Amino acid sequence: MADEQGAWIMQGMDWDDPRRIKTYRELISLVNETGFLPLFKNEIERFSAEEHVSPLYWWTGDREQDPWVWRELIAGTGEVAYGKFFGRKAGFISMEWLPVFVNFRRDGYDFDARWDDELAGIRHKGIMDCFGNSPGDGIAEYTGLQLKQLAGFGKGGHKNFDGIMTDLQMQTYLVIKEFRRKRNRKGQEYGMPVCVYCRPEDLWGYEVVTGSYREESLRSKEKIYGRLKELYPDADGKAADRILR
C-alpha cells in the first residue's frame, strides 16, 4: 500500500498472473506455507498478503474477491491467528509458528507474571483483567468498544486505548477472534463489522499456545528471523527488526 499524492494505491499481482492468490482459502494456505505474513506491503519485498493478490477489489465488500473481507473470513475460521503482529500492523501467523511467536514476544511471561514483575502497565492490566484469571477455561470475548468501557478508557478515564490494544496483540496476549456487526432490537445486523478480541489460550488451548515456553525466548527469535531469511534472503536486517521485534 503506497501513499501517492494523498491517495492510497494498493500493490499486487496482475489479474491474469497464475501465481495470484484468488480466494481466502488460498491465502490461508500461503500463511501455513510461509508460517507468518503481514497483511499489507512493507519494507521487505513480497512479504505481505497485499503483494500476492489483485489490487482491484480492495474495500469493495465483495466476499469472493476483496482481501479486506478475506481477513474477516480467515479470522473467523480459527485456522490461523490474526491481529496486529508485525510492526504494530495486521497480519497472520500459522498454528505451527504461533507458539514460537508467543515465546519470543512474551519472553516466556504469562501476563500475570509480567505484571508481578512490574513489566506491564496499569492500562494493560485493566484490559487483561476483563478476560478473567484462568486462560483455557472458556472463551471470554469482547469487542473493542466493550473493552474500552470495561477497562475504564474514554472520557475522564485512561487514554490511548488503541495503542494499548496494539501492544497486547504485538505481545501475543490478545488476538482477533472474528469480526461481528452490531444488531438492533429486532436482531438485524447493521453497520461495519468490528473486531472481537480474545486470548489465544482461550481459543486454541494453553498447551498449544505456550508450546515453546520450554525453550529460551532468544532461540524462538532466532527461528523466526531464520525463517524470514530463508524466505527472503535479501531482507534488510533493520527492516526485519522493525517488522518482527
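**Briefing: two sheets, their helices and a nonpolar core**

Strands β4 and β5 (residues 89-94) run antiparallel and are joined by six bridges; helices (H or I, at least four residues) and strands (E, at least two) are DSSP runs, numbered from the N terminus. The model is predicted, with local features needing pLDDT of at least 70 and side-chain atom pairs counting only at pLDDT 80 or more, while totals for chains, interfaces and linings use all residues. Residues are numbered from 1 along each chain as its sequence is written, and side-chain values use heavy atoms, with hydrogens and water left out.

**The sheet of β3, β5 and β4**

- This open sheet of three strands has the order β3-β5-β4 with antiparallel pairing, where two strands pair if DSSP finds at least two bridges between them.
- Because β3 and β4 (80-86) stand at the edges with a single partner strand each, one side of each is left without a neighbour in the sheet.
- The twist averages 30° from one strand to the next; axes are lines fitted to C-alpha atoms, for helices over the stretch in contact, and angles run from 0 to 180 degrees between N-to-C directions.
- Within this sheet, F86 stands opposite K89 in β5.

**The sheet of β6, β8 and β7**

- Another open sheet of three strands, again with antiparallel pairing, follows the order β6-β8-β7.
- Its edges are β6 (142-143) and β7 (175-183), each with a single partner strand, so one side of each is left without a neighbour in the sheet.
- Helix α2 (residues 67-77) packs on this sheet, where it touches β7 and β8, and the direction of α2 makes about 115° with that of β7; contact means heavy atoms within 4.5 Å.
- Two bridges join β6 to the antiparallel strand β8 (residues 189-198): Y142 has Y197 as its bridge partner in β8, and T143 stands opposite V196 in β8.
- Seven bridges join β7 to β8, which also run antiparallel, and the bridge partner of V175 in β8 is C198.
- The hairpin of β7 and β8 has five residues between the strands, and in this hairpin G187 takes a positive phi near 85°.

**Helix α10 and its packing**

- Helix α10 (residues 217-231) has 15 residues and reaches 22 Å from its first C-alpha to its last, close to the 21 Å expected at 1.5 Å a residue, the expected span being 1.5 Å times one less than the number of residues.
- The buried residues of α10 are S217, S220, I224, Y225, R227 and L228, where buried means under 20% relative accessible area, exposed over 50% and partly exposed in between (1.4 Å probe, protein chains only).
- These buried residues lie on the same side of α10 because they cover an arc of only 155° around the axis, the arc being that of the directions from the helix axis to the C-beta atoms.
- The face of α10 turned away from this buried side carries the exposed residues L218 and E230.
- On the buried side, the residues of α10 pack against α1 (24-34), β3 (36-38), α3 (98-106) and α11 (237-244).

**The largest nonpolar core**

- The largest nonpolar core has 67 residues, of which L27, F36, I44, F92, I93, I127 and L244 touch the most other members; such a core is a set of buried Ala, Val, Leu, Ile, Met, Phe, Trp, Tyr and Cys residues joined through side-chain atoms within 4.5 Å.
- Not counting residues up to four places away in sequence, L27 touches I21, L37, A49, W70, I74 and F92.

**Helix α7 and two residues with positive phi**

- Helix α7 (161-170) and β7 are connected by a loop in which T172 has its place.
- α7 is mostly covered, with nine of its ten residues buried, namely F161, G163, I164, M165, T166, D167, L168, Q169 and M170.
- Most residues other than glycine have a negative phi.
- T172, a residue other than glycine, nevertheless has a positive phi near 65°.
- T172 counts as buried because its relative accessibility is 1%, and, leaving aside its neighbours within four places in sequence, T172 is in contact with F101, V102, R105, R106 and P200.
- D107 likewise has a positive phi, about 55°, although it is not a glycine, and D107 has its place in the loop between α3 and α4 (111-116).
- At 44% relative accessibility, D107 counts as partly exposed.
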